[in-house]
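Please work through the exercises below with the structure open beside you, and attempt each task before reading its solution.

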Amino acid sequence: MILENTICPYTGLRPFTEEESLYFKGRDEHIDRATRQLERNKFIMLTGASGDGKSSLVYAGIIPNAKAGFLRSQFSNWAVADFRPERNPMGNLSRSLAKQLRIANESTVRTELSHGFSALVDMYKASPLFTDIAYEEWIGLEASQKNLRKRHAANLIIIADQFEEFFTNPENFHKGVPSQEANLVTNLLLETARIALEEKLPIYVIITMRSDFIGQCASFRGLPEAIGFSQFFVPRLNRAQLQEVIEEPAVLSGNKITRRLTERLIHDMVEGTDQLPILQHALNQIWKMADEGKAEMDLLHYAMVGGMKGNELPSELINRFEKWFGQLPVKIQACYTQPGLQNVLNTHANKLYNFASESLVKQQQEISETDAQQIIETAFKCLTKIDNGRAVRNRMTLGEITAILNQSHLDYKKVGSALTVFREPGNTLLRPFQEEVPELSASSVLDITHESLIRNWENLAQWAKDEFASYTTYLDFNQQLYRWVDSGKANSFLLYIGPLTYFENWFNKVKPNPEWIGRYLGEELDHEQRQLKATTILNNAQEFLQRSARKHAVTRMVMKYGPRKIAAAFGLIALITLSSFVLKTYLDRRNATVLEKTKERSIGLINNPKLRFGDRAILVAEQLRLKKTTISEIIEKINDPLQKVEMANGIAVSLIYQGRTNPAKEIAEAIAAADSLMEKFEVPYANPKQLSNYLKTVNNWRATLGLAYFYDPTPKLLELQIRNARRCATYIKNIIEKQPPHFDDLLNFSLALETALNFNAFSPDELAKLINTLSPFENKNQSEWMKSHFKKDQRVIRGYQGYGFNFNGLYQNLACLYAAAGNVDGSLQAIDTLLKYNEPYYQRDYTNMLDNATNVASVFYRNNHSDLLNAFVIGYCKIKKMTAVEFYQRLLGRAKPYQLTRNTLYNTFWPEAQNLNLQYGEEKEIGFFFEKYREAIQASSNPDERNFLLAVSYKDEGITIAHHAEVASKKYDPAIADALFAKSVEYYAKVTPLYRNEIIEVNKIAADIASVPRNTLYLFPDVLYKFNPLGARDYHWNYMSIRFIDYLINHHLFEKFYGLPKELKLLEDWLTDYHYHALGGAIFVRNHADISALTELEATLNQLKVDSKIDLNLLYLYLGYYALEKNNQTLALSYYSKLKIENFGTILRYKILPGYSNSNSFLLIGKAFTCFIQNNKVEEARKIISSFKKPVNRSSLYSFAARELMEQKVESPIVQELLDSAGLEMLRVENLNSAQPNRYRLAISLVTKEPTDQSVQRAKDVIKNQPRKFVALGRMCRALAYRDQLFKATDIFPTNISNDDQLSLLSDVLLGYIENQKPVEEWTEYLKNISWFDKTNFVPYVDETD
Amino acid sequence: MISRVLPIRIHEVEPDDVRLLERELGGILRSIDFIYHDAGVNRPLRSKDDDLSGAQTRLLFRNQINKVANSVKEVISGIKIAHKSEPKTIASHSLTVDKPLPAASFTTSLPPGIKVHVIDRAKPSIFLAWTSSELKAKREELALVLQKAGFNVLPSIDCPADDEEFKTRVAEDLKKCSCSLHILGNEFGRRFEIQSDISFPQHQLNEVKKIIEHASSEFQCFIWNVNNPAKVVNPDQQEFVRSIRNHITRNMMFSNSSGAMQLVDDIRVVMMKEEAALFESKDTDIFFIFNQQDESDAGHITDLISEYYPIETLNIMPDGEESYRERSSQQISKSKLAVVYFKYAADWAIPFVKQIWKEIGGASSPTQIMLVGENDPASNASRVFKAPKVVSSIVPKEEVPEEVKKVYVKVVHL
């Protein structure tokens, strides 16, 4: 800051900034104490009342003190990362830290910080700001080098200003519970301070917070302790300090102030809030009045700003004052009422308000005085809100204020101009100040500078009160409105004449518009959602008032004209209106009309790019199933070319995900549409954001095609894949050639490059050119673009939310490029760099979990360089110090197919984290790698090891091939797998028992190592890789096929292999794994096991009489379930009769994904229960019910059985009995706060039983106040649609719901409607694989172990 | 040990040290002054002093003196260790000799034999003025509160009935006090028989004002207005209060505290300020401050400057043990020019200058501050700070000493 004499040393209402620390006086002692405390404890929590100067103490006290060298620390320089929590604490902290730690990518910081605890300290240590002077390397440095390093080093201060925002924003704190994010940020702050103290690091954490929130701090773990350890309550200023606050700034700047004025000001200060802001503001005004400090500030000036009465002045000044006052315009004179220090602010604001239109003339703007004052009033009403009975600040954009003002002749520019006077230098009552933002835009966020203005400007206080009164009337009105809407807009809920007149008057006076209503809709909705909801409310409100008025029209008319005059005319009109109303209602209620309307609504929603993409694609699929629309019609209606492709892709993926190869026609159409649309792309290389979107589109497309080809390997799909690869190649070549500035989407760049390489889309020349341009090993003079984009240590997150892995895009790509070019050394050199800059991340690239070198191996294979693979693997294994056997084990572990492709549409999990080439690889490729694996095994000198690994490899390959054949519906030749199993058995026989039984360690759950006999790897009757790329959850994710068990049974080997209890236990494990996969087939790319094989297994186990040794409940439940699917009740009963109900606990207490696995067990048990009921096996059914001790589960079971029976069209009193029992058990639930999923089930069953208004009402009562009642409502819509009650189904949609919710409800309606239609052959598979989460029959199980 | 104190003074001894010596001697330090005024005395010896022009032809007295000076310093340090348990402090607002004198005089050498009058800040005496009769009870209550708060309250007798005796008593007791408190209510109070327009309370205040008007007076006057708004205020009293409020001068406080407790607390805050530590500082021409980052460059520059002017230096280290703020501001007030130099440490220099500027009184500081930075690195070009009493310049490294000299000459001739 250049300090000129004309700069006012008094800041007015706003806090002191760091720049203004020059004039921050009166707190020297406090600053010193706080600084010492911070120096000692590395942490300080500054608390104090509003307006006590906490922020000033930090920004104009502690920080300048530290920078000046008065806070003892390690380095001379200081980095200050300050943030306010606002509604996005994590984002704000990350942004500030990224800037201070000089990290270009803010999201990297966010990802790193998301791990909590030492994450922030680690980032600081890794940043250029830190130099470890205790480190050996430092000690050995030359003095000059030490100086250089120290010069770049800096201590770090983290400031969380206005910490109370953690409590005042619902995003951070809701119903007394902090959000995850709020907890994370607090954890980071506290841990950072703790570690800094422990390790003597130069990091300091400062928090400021209003003291009235101190009690709520207990909600954060560790925070009360930290406050106890180092709190600083900002003291009130004593008399001497107040004197400094008043006099010192004047003295410092060379201005003068009389002692009598100082004493007068101190004398006039009133105990309570706002002391300092009011004083500062008055001083600021006095300084201005004293010719901007040129005259000695005295009582005269104090009187001139409205601080004291003129007649109280010393006699020599009275005349001067009166002369001056007499020259003022009358309306300004009127502002000088009740002079006093407390009133200076009021006087000032009133002057601005009264003089606003005159000041606009200066800006050459013509706004009438009335308009100007209306703008000011509306703006300030918008900028305040009542919170817990207190008027507080409320930030709002100029655009929003203009919209609420809603005057066609006043655009945001005019509104902005009228407010300028409050932002001018010297009148800084509104932010942003004019000197910071000269011209406001519609998106400028306005904020009152300090809340003391609200408390001290009488007009504003009154406006806030009026606005609050308006708001409370609105709440009252809304309550009536809601009741009316909720009743289905029933006439009986219309307003009575008294309230009607009252609310009409209010409505006409306030003239609420969507923006006004939107401001009171809660902050959890985004702007668009709020607007939509507000518009709906407003439309409803208008209709409500109109219809209420209509209801009372006669009364009003009679009141106005008298009864006789109107009687005759009225009769005729009423008759006509009534007849047409009945006809319309009938038409509306016809299902066809509803379906047509649903289609219109769906298309509107589908065309809204802001809604969840996956949901839109599913809604399209449902419309297609109903044959209500066509793919071309949908795509036609979308305007944006990129959105068209995305939608075509989305439809294709949704259909393939569930239907795999059917409906073939629709799948082919969607694929063809996407491909042809993409051919027409004109890629915008000059627009980095668009370019990135285009790349993302081709990459998504690659995933779709990979999945489609996996299920249906036709030449056409292969051709499309190659074409897309060429497309990718063209993009890549152009990007490298043009090097577009600002393009930095390295993730999509590298994925596209990978696609191109995997399909040989580059010519050898092009490959060489790419390598020469990209590779720093070849090209020493890289362009700036290359250097900045592909730094050696730059990593890209491949995956979502820090899942997936971090990798260096360039060097990974280089390794692949060299592989494609057949250059082993180059490939290894690139990997060498990767490893050098590798860091241990969550999933750890190039460490144990996700070894990308296996991707490179696949590139060698696909580019016809299989001959070079050995050299690569040897070289790589040398670097990594692993064996080739281990390398191939990892590679094959990555070849397990998981269905994550559709998730690219939802952007969840870790899209593309897997290797699509290997996952969806053809048998030939997988076979090749198994062969390479065995080649590596052959190198072993230990015959036992050799034979054992060979046995396992043949078994695994056989199962993999069997699995691929099962799910990909290809022609399956059991002979291939059987031949491999035969070899496997042969090699296994050669292994000595000693070697087989030796205890080895396997990675069971992530880092958990389990010690098991070696033969576990073989006897587990499925693929049990030592290496699992997905980590922890893989423990139960080993099921692929039953074919190996089937082989053993058919070849009479079963008993030989599974004679001992510990061997049989492995079968039990396998059943559990099967359970994890069977009901979520679409997710895991698994099928239900071949029922005949499963039946054979049961028969064999029965024969062996092993059921006392292992738990076979799952086996019986599945066999019963499959029998029911085929409507074979007798067979099902035969299995269910073998159940050991007392052992149900085992299958209801899984720890991995318990909500999923245990609920699936519960569903299977529900099927058994229903079967017993249906077949009048009352005792067995009762036994099952009695095995559940919680009423909530019993209630669920009853409701489930009722609905099952209704689906089978069983019309028996038993259904009603079941529903009654469910209702009774529901009432027995003791803890009403615990989860009660039974209520949802009961509601669905009630509506299914009788789709009447009464049932719907009862169902609504059942789910009332339940946390997930919206989901239940969706299922109710589905049940009504299932009963052909489409009108009712759509009529129970709540009003004021978001588009996303509408989308979801419409899908439910269509799904229910289709469920009751005759099944269509080509959609059977699609229906079978419907997402697990959408299953109607899903029965949430409530844990009974507590 | 005392007998070993040198009777020859060859060095300007710190006032604090003088007091220390005097306490040891049990009397006044009488010495034969032999103060060698030349550049560089107040600094350790340098080997290259012997290479200065003319050094070959004359005795290097300076070296000899320096050696002795250093010995004196060591002796004093020895005494200091022995008295470690008695830290020396000064009251920051007091104008007693404990405080460094304003730099305008440019000397702090103590004339021998000065006796120091120290106010007993542990228990100051307050003159609690007699009031109008309506407030008598209030005065008595206040007297008790003041005593509990650690004050000696005078006068301790009832108000004399006789005019003259009243005046005498007031004059006598005021002499014993360092502050006064006057309680004003609705009534004007008893008037003098001869001058009936003056009341007893008014007279006391007038006497106090006379004391305060004396330029060097540190006497504090507190006035407490406790009028009862339910009752009518005597017009004379109204005029009296109004006149006070409109003529408040330094060391006067007009309070409307809501209770005796708050009032006495305010008085105590003013009268019993915490004492700040005194740091070693010397009269010097130039006080040169830099950051550790620029240590080597600064050393070179100060070597050159010290050829011409006595110079004190201060190296601000990030992890230093010193209270740099207090040390710098005390030394600046004893220097003719304070130079803040930077090369790499611009991020430190600007905040430092701002804080120090504020500390030493900004525009009203007698000492000029010079902020001088090198023009390399280039980013320094914009690192200037403009404020009254601050000269800011960015120059090439080799020109820094010249630039300092130029500013120094200008300052001295001002």
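## Exercise 1: a sheet in chain B

In this predicted model, Leu337(B) has Gln368(B), a residue of β13(B), as its bridge partner. Starting from this bridge, work out which strands pair, in what order the sheet is built, and which helices pack on it.

**Solution.**

1. The bridge belongs to the pairing of strand β12 (residues 335–342) of chain B with strand β13 (residues 368–374) of chain B, which runs in the parallel sense over 6 bridges.
2. Extending the pairing outwards gives an open sheet of 5 strands in chain B, with parallel pairing and the order β11-β10-β12-β13-β14.
3. The edge strands are β11 (311–316) and β14 (390–395) of chain B, since each of them pairs on one side only, and from one strand to the next the twist averages 20°.
4. Helix α8 (residues 295–305) of chain B packs on this sheet, where it touches β10 (284–291), β11, β12 and β13 of chain B, and its direction makes about 165° with that of β10(B).
5. Helix α10 (residues 346–359) of chain B also packs on the sheet, touching β10, β11, β12, β13 and β14 of chain B, with its direction at about 155° to that of β12(B).

## Exercise 2: a lysine in a loop

Determine where Lys334(B) lies, and decide whether Lys334(B) counts as buried or exposed.

**Solution.**

1. Lys334(B) is found in the loop between α9 (324–332) and β12 of chain B.
2. Its relative accessibility is 5%, and because buried means under 20%, Lys334(B) counts as buried.
3. Along the chain, Lys334(B) and Lys282(B) are 52 residues apart, yet their C-alpha atoms are separated by 6.4 Å.
4. For the setting, chain B has 11 helices and 14 strands, and 49% of its 414 residues count as buried.

## Exercise 3: two tyrosine pairs in chain A

Classify the ring pair of Tyr954(A) and Tyr987(A) and that of Tyr1074(A) and Tyr1118(A), and state which helices each pair links.

**Solution.**

1. The search of the whole structure finds 80 aromatic pairs over all chains.
2. Among them, Tyr954(A) and Tyr987(A) lie 5.8 Å apart, centre to centre, with 15° between the planes, and the pair is stacked.
3. Tyr954(A) belongs to helix α46 (residues 943–967) of chain A and Tyr987(A) to helix α47 (residues 974–990) of chain A, so this pair ties together parts that are 33 residues apart in sequence. Both Tyr954(A) and Tyr987(A) are buried.
4. The ring centres of Tyr1074(A) and Tyr1118(A) are 5.2 Å apart and the planes stand at 70°, so this pair is edge-to-face.
5. Tyr1074(A) lies in helix α52 (residues 1061–1078) of chain A and Tyr1118(A) in helix α55 (residues 1113–1125) of chain A, and the pair therefore links distant parts of the chain, 44 residues apart.
6. Tyr1074(A) is buried, with a relative accessible area of 1%, and Tyr1118(A), at 1% relative accessibility, counts as buried.

## Exercise 4: charges over rings

Identify the ring over which Arg151(A) lies, and the ring over which the charged end of Arg996(A) sits.

**Solution.**

1. Arg151(A) lies over the face of Tyr344(B), at 3.3 Å from the ring centre.
2. Arg996(A) has its charged end over the ring of Tyr988(A), 4.0 Å from the centre of that ring.

Conventions: Residues are numbered from 1 along each chain as its sequence is written. Chains are lettered from A and ligands numbered from 1 in the order in which they are written. This is a predicted model: local features need pLDDT of at least 70, side-chain atom pairs count only at pLDDT 80 or more; totals for chains, interfaces and linings use all residues. Side-chain values use heavy atoms; hydrogens and water are left out. Rings of Phe, Tyr and Trp (its six-membered ring) pair if their centres lie within 6.5 Å; planes under 30 degrees apart count as stacked, over 60 as edge-to-face and the rest as tilted. Helices (H or I, at least four residues) and strands (E, at least two) are DSSP runs, numbered from the N terminus. Buried means under 20% relative accessible area, exposed over 50%, partly exposed in between (1.4 Å probe, protein chains only). A charge sits over a ring if NZ of Lys or CZ of Arg is within 6 Å of the ring centre and within 35 degrees of the ring normal. Two strands pair if DSSP finds at least two bridges between them. Axes are lines fitted to C-alpha atoms, for helices over the stretch in contact, and angles run from 0 to 180 degrees between N-to-C directions. Contact means heavy atoms within 4.5 Å.
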